[in-house]
Amino acid sequence: MGEPPATTDELLTAVLRTFPDIGFVLDEKGTYVEVLAGPETESLGYEDPEALEGERIPDLLPAETATRFMNVISDAIRTGQFQTIRYPLEVVEGRRWFEARVAPIETSADREHVVWISRDITDLRNELETQARTADAVVQTIDDVFYLVDPDGSLHRWNDRLTAVTGYTDAEIADMHVASLFAETDADAVETYLETVFQTGAATTEGTIESADGDRIPFSFRTHAFEHPELGEVACGIGRDITDQRAHERTLERRSHQLRLLNRLLRHDVRNDLTTIRGGIEHLRAENDDHDDVLARLERATEHIVELTETAGRLADRIDAEEEPQLAAVDLRPIVEAAIDEAREHYPEATIDCRDLPAVAVRADDLLDAVVSNLLDNAIRHNDCQEPTVTVSVEQQAATVTLGVADDGPGLSDTQKERLFESDATSGQAPETGMGLYLVDLLIDRYDGTITVTDNEPTGAVFRVELPRA
């Protein structure tokens, strides 16, 4: 048969030998009734813990510390639940920090008693203080506002950025409700925001801080709630000055408005005038056929303007709607062939040499035809030869496809090449390439492609458009 189980005293002795903390039994008057000390007790700074027996807390400790201890003992006895307390004490090794758990115990004596278990947390507290100092340094160096706020709207912590933005002193902020830092029109929204943060755990918003001098500054806020070991339920957050962002948004809105006006102008006024011009050309041709060549050029120019306005209008609609390009696989060969057929019809005097076109798809959208048409139109219309020659080629690479359009015109200077795709390329000494190439550049950029221009031999220019393969 096995050995009989250990007695209660033997078990208690075994526990105390491995006990890293120190314990006391105290009565309701703070008298040390019993000391529960193990071999590790000396590390807590007690040379002779048993010497405490019979002594009273009010007689041994400073008045403020003794009052805190007695209040904890009273709370444990009154509520019947354990209490916790953190406190510093001057012991043999100097000033140390302790954390104690205090619980009421039932005894046969006529007095109430508690058991008090203390643990040395000095090293842990030092580590936490180091982390806190590091966090403070980070908080103070960021350009954003940092804050720690409770559900009642009281600020418990903030960085210097908040005082700099608001113009209030730390003492003034400590006495203010957080909503008082905002414009009066935002006060209710701030309180609603706090409720949302503590209900959901996190939230974002925008609001206007009003400084002590009356300046109003727009901010965006991101806040997270958590349980603080000392403050209880709080929320910490970051506030970022969005003055520049708001100004940028206003600029974009103004440009968007201008874009809508321009689009309307292109779609209605210009096209209406072009319809009138077309009617005049047909009337002149019917009245007199002596100027067929001139009328044909006017008619081609009019059609080109119509195509440009249509392309610009479609692109403007998508930019104004802030649509992301809806790219898909587009077969390049039929688009190039259709553009060549159209160019031959409009410019019968031109020779368009088309090398073998491979069947290859690129990532683009329904405006790709405008890219090819404008490149061909540019190569012919700005050619000073009576019978222009244009060579079209398509080359495949592993990840891209290159469309080449080469002409035998006058070519371009280095300065002209640099400014070729600018929206004001028709001003100054730049060649009259018009808005066509500017639209081409905008579209190619939407396709994540590139366009370059180099010299052709012996004369002319070569445009190369590189597009991603689908």
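This passage describes selected helices, side-chain contacts and backbone features of a predicted model.

Helix α3 is a convenient place to begin. Residues 63–79 make up this helix, and its 17 residues should span 24 Å at 1.5 Å a residue; the end C-alpha atoms are indeed 24 Å apart, so expectation and model agree. Its buried residues are Ala-66, Phe-69, Met-70, Val-72, Ile-73 and Ala-76. These residues cover an arc of only 155 degrees around the axis, and they therefore lie on the same side of α3. Such a pattern suits the geometry of an α-helix, which has 3.6 residues a turn, so that residues three or four places apart point the same way. Turned away from the buried side of α3 is a face that carries the exposed residues Ala-63, Glu-64 and Arg-78.

Helix α10, covering residues 332–346, can be read in a similar way. For its 15 residues a span of 21 Å is expected at 1.5 Å a residue, and this agrees with the 21 Å that separates its end C-alpha atoms. Buried in this helix are Leu-332, Ile-335, Val-336, Ala-339, Ile-340, Ala-343 and His-346. Because they cover an arc of only 135 degrees around the axis, they are placed on the same side of α10. The N-terminal end of α10 is capped by Asp-331, which has a side-chain oxygen 3.4 Å from the backbone nitrogen of Arg-333.

The relation between α10 and helix α11 deserves a closer look. Two packed helices are described by the angle between their axes and the distance between the axes. Here, the axes of α10 and α11 (residues 368–381) come within 9 Å and cross at roughly 40 degrees. An angle under 35 degrees would count as roughly parallel; α10 and α11 are therefore oblique to each other. The crossing of these two helices is right-handed.

Beyond α11, attention turns to side-chain contacts. Asn-383 sits in the loop between α11 and β14 (389–396). With a relative accessibility of 10%, Asn-383 counts as buried, and its side chain is joined to that of Asp-408 by a polar contact of 2.8 Å. A second contact involves strand β9 (residues 216–228), where Thr-223 is located. Thr-223 is likewise counted as buried, at 1% relative accessibility. The side chains of Thr-223 and Tyr-147 make a polar contact of 2.6 Å.

Helix α8 (residues 243–287) contains Gly-280. This glycine counts as partly exposed, because its relative accessibility is 30%. Gly-280 lies 15 residues from Leu-295 in sequence, and their C-alpha atoms are 9.8 Å apart in space.

Finally, two backbone features are found in loops on either side of β16. Most residues other than glycine have a negative phi, and most peptide bonds are trans. Asp-448 has a positive phi of about 60 degrees although it is not a glycine. Its place is in the loop between α13 (434–446) and β16, and, with a relative accessible area of 63%, Asp-448 is exposed. The peptide bond from Glu-457 to Pro-458, in turn, is cis, with omega near 5 degrees. Pro-458 belongs to the loop that runs between β16 (450–455) and β17 (461–468).

Definitions and conventions:
Residues numbered from 1 in each chain as written. Predicted model: local features only at pLDDT ≥ 70, side-chain atom pairs only at ≥ 80, totals over all residues. Heavy atoms only, no water. Helix = DSSP H or I, 4+ residues; strand = E, 2+ residues; numbered from the N terminus. Buried < 20%, exposed > 50% of the residue type's maximum accessible area, 1.4 Å probe, protein only. Expected span 1.5 Å × (residues − 1). Arc of directions from axis to C-beta. Polar contact = N/O pair within 3.5 Å; in protein donor to acceptor, adjacent residues only side chain to side chain. Axes fitted to C-alpha atoms, helices over the stretch in contact; angles between N-to-C directions. Parallel < 35°, antiparallel > 145°, perpendicular 65-115°, else oblique. Left-handed = near helix turned anticlockwise from the far one by under 90°.
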